[in-house]
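Let's take a walk through a protein model together. Have the 3D view ready so you can follow along as we go.

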Amino acid sequence: MKVLVLEPAKCTGCRACMDACSFEKTGVFNPLDSRVNVITFHEDLTFVPTVCSQCETPYCEQVCPTAALVKNTTTGLVDFLKEKCIGCKQCIVACPWGSIRINHLGKEIIKCDHCSGDPACVKVCKAEALTYVEVEDVVSGKQQGVAQTYRRIAAEMAKGVNP
Amino acid sequence: MIDGGYQGKILRVNLTDHVVKEEALREDWAKRYIGGRGYGTRIIVDEVDPKVDPLAPENKVVIATGPLDGTTAPSSGRVMVITKGPLNGTIACSNSGGFFGPMLKRTGYDMIVLEGKSSEPVYLWINKGKVEFRDAKHLWGKLVNESDQLMREETHLEAETMAIGPAGEKMSMIANVMFNGHRASGRTGVGAVVGSKNLKGIVVRGNLGVTVADHDKFAEAVRATREILAQNPVASGGLPLYGTAVLVNIINSTGSFPVRNAQDSYFPEADKISGETLRAQNLVRNEGCSDCSIACGRVTAIKEGKYKGEHGGGPEYEPIWSFGAMCGISDLNAITMANYLCDRYGLDAISAGSTVACAMELSEKGYMPAKDAPFPLRFGDPDALVESIRAMGEQKDEFGRLLAQGSYRLGEHYGHPELSMSVKKQEFPAYDPRGIKGIGLEYATSNRGACHVRGYTIAAEILSPGLDRLVYEGKAAVTKFLQDLTAALDSTGTCLFTTFGLQAKDLAQLYSAATGFDCDDKEFLKIGERIWNMEKLFNLKSGLTGKDDTLPPRILNEPITSGPSKGEVEDLDKMLGEYYSLRGWGKDSVPTKDRLKELGLEDLS
């Protein structure tokens, strides 16, 4: 299963992901209709992208009274079935990440569905703050990063330097 | 009927009576002038007397977006401020990045026309199409970054802001209009016009979408143009890695990097203030404006010395030069601090640095008495630089008030206007025409005074293997071509930096897919030429003549004394005649009736 990986340290805050997402999903450019959102802290110019984590035990699914939000065990996604939604908005309250959003009219629930395996947001993220990666590669990538640190220490020790 | 790209409405704001009204965007003008710079200029040409005092209530300001603003077209979030500029009386258009442009469109308006003058300081709060005039007495005197934060706290934290700083309030001739707290419409003194209207700023927040005429064609044009930029070594290499300051070493290595008020043009200490050094010493992260894949913006902090702990955006290449080499200074932290101060006060960092350099030369040569400055003014003194910028921003004494009028008026005051490195009173930027011939023609003919971003010949003369920087042949044609291309590009809302990779046909494709208007590269360039001539006609009516198409005497007569361009001067006349002839203008710099007719401008002549 692939996941959307968010790396705030790489984000340049250009918000192209938001425009691309809304265009893909609605045919109109409107960041309020984007499933992915970038928060900008103007005071120190920090940019933080956010998107649905496709939780294994989704609170949104648990609070939904009409089973409009369902964990799909085949794809790993939390599917949103628009025709079942009654608009009670409890999923928005329940999501710990704020990643269940509401559209620009304040009426329809919107959430990320990975664009059927080809996310529009990733295609415009030149900074690679958003990437779409096999989940096990995310883990091994992180381990590789940590291992590199130990590798540097080992190289120092081989030179007789005590780190 | 317009199918996409535009919101179709213009908001007209009467600041005298505090009333607003909506007008329909004119489809015929959208087709002839695109939007942004072109359409906004047409409004000013129609409604403002070219001879009006720029700071009088009769002057107007257009805040304009283009049809690509708010889309994923690469680097497409520009916003333009168009007015009659106070620095030199020309048609002034100064554009900025950030997020204000796209958000303005989401309120439902393509443009705002500001008219009249409020009796008290106000700011505008445009929330989903509803417009409020809000008291701004408590904001008057506040710095730009403070104003941005306060206005968002009082309205909505995720709104986008436009603001002037103390420089604009006090009507400095080199005052900016600032967006998002740190992005600048930085040239020609547009901030003073906003200040003259007692308008502190505008806050926008909207929930409307931006549609395009042809979904599939637009999506493909976006994919293709983003791919071209991804493969381009400047747009995807030098600029994201080192920011615009990547140019410091490149331009200095050609000996065309003006030093100590252009008394020389090679700076041996350039690497101390280079993009490479900035990256190592001050860079926190890159920042991209709306929908930009380049992200040349620098988020920086000062990590040591007397300004330790200060942080902000930039500096870009131009201020690094104006505060650095131009003032003989190689202390990058002081340069960075001077840049932060310019953003906070809302001062044009090119003009501000060049004005300090002019003051330093006036002082060293004894033309400006020592008693006239509150501290010694010597080239190479970083404290004198930073304190001069403060004085200019605050205007608490005669020294500050004088500097805030720019280098031309400063030089004139002391009887030496020739020491102002300016054209039409606007300071030239960080490329010496003596070592890069074509850029001198661009400075001399730019419709807003000396400027590099009306027709960036550096791209052809330095950054690509094309034209020899020291020859005159071919420079008139490339200058005209780039001026026309940029006028059209600016009008779409796209950043100039896309042209490192994109050509007229690529931009025409984006524009055409967004709006549904037929447009190819030829038509795109023709629209640009139409805009250029329209600006020119306004300037001629304001009183400028062919005599104003010149360069500072130093550039024309004093050879560079060291470095790779040693011995060079600029011979403008070798290009100017050919330029006028390519433009279809007479030798007096006046467009011929025939050319105006070809461009469909006969009604304006």
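How many residues lie between E1(B) and E2(B) in their hairpin? There are four, and B:His18 in the turn has a positive phi of about 55°. Keep in mind that you're looking at a predicted model.

Let's stay with that hairpin for a moment. E1(B) covers residues 9-14 and E2(B) covers residues 19-24; the two run antiparallel and are joined by six bridges. If you want one pair to click on, try B:Val13, whose bridge partner in E2(B) is B:Val20. E1(B) also pairs with strand E6 of chain B (residues 111-115), and here the pairing is parallel, over five bridges. For an example, look at B:Asn14, which has B:Glu115 as its bridge partner in E6(B).

Next comes a sheet in chain B. Six strands make up this open sheet, in the order E8-E7-E12-E9-E10-E11, and the pairing is mixed. E8 (130-135) and E11 (183-185) of chain B are at the edges with a single partner strand each, so one side of each has no neighbour in the sheet. Going from one strand to the next, the twist averages 20°. Within the sheet, E9(B) (residues 160-163) and E12(B) (residues 199-205) are antiparallel partners with four bridges, and B:Met162 sits opposite B:Ile202 in E12(B). Helix H4(B) packs on this sheet, where it touches E7 (122-127), E9, E10 (177-179) and E12 of chain B. The direction of H4(B) makes about 135° with that of E9(B).

Now for a pair of helices. H19(B), residues 475-492, packs against H23(B), residues 573-583, at an angle of about 45°, and their axes are 8 Å apart. Why call them oblique? Angles from 35 to 65 degrees are neither roughly parallel nor roughly perpendicular, so a pair at that angle counts as oblique, and that's the case for H19(B) and H23(B). Their crossing is right-handed. On the H19(B) side, the meeting residues are B:Lys475, B:Ala476, B:Ala477, B:Thr479 and B:Lys480. On the H23(B) side, they are B:Met575, B:Glu578, B:Tyr579, B:Leu582 and B:Arg583. Sorted by class, this contact has five nonpolar, one polar and four charged residues.

Some loops have backbone surprises too. The table shows two residues that have a positive phi although neither is a glycine.

| Residue | Phi | Loop in chain B |
|---|---|---|
| B:Thr188 | about 70° | between E11 and H6 (190-196) |
| B:Asn198 | about 60° | between H6 and E12 |

Are these residues buried or exposed? B:Thr188 is buried, with 35 other C-beta atoms within 10 Å. B:Asn198 is buried as well, with 20 other C-beta atoms within 10 Å. Another loop holds a cis peptide bond, between B:Gly314 and B:Pro315, with omega at about 5°. You'll find B:Pro315 in the loop between E15 and H11 (317-323) of chain B.

Finally, let's see where the chains meet. In chain B, 27 residues are in contact with 21 residues of chain A. H4 (144-154), H7 (215-230), E13 (283-287) and E15 (311-313) of chain B each supply at least two residues to the side that touches chain A. H7(B) gives the most, with three residues. That side of chain B divides into six nonpolar, 16 polar and five charged residues.

Definitions and conventions: Residues numbered from 1 in each chain as written. Chains lettered and ligands numbered in written order. Predicted model: local features only at pLDDT ≥ 70, side-chain atom pairs only at ≥ 80, totals over all residues. Contact = placed C-beta atoms within 7 Å. Nonpolar A, V, L, I, M, F, W, Y, C, P; charged D, E, K, R; others polar. Axes fitted to C-alpha atoms, helices over the stretch in contact; angles between N-to-C directions. Parallel < 35°, antiparallel > 145°, perpendicular 65-115°, else oblique. Left-handed = near helix turned anticlockwise from the far one by under 90°. Pairing = 2+ DSSP bridges. Buried ≥ 20, exposed ≤ 12 C-beta atoms within 10 Å, placed from the backbone.
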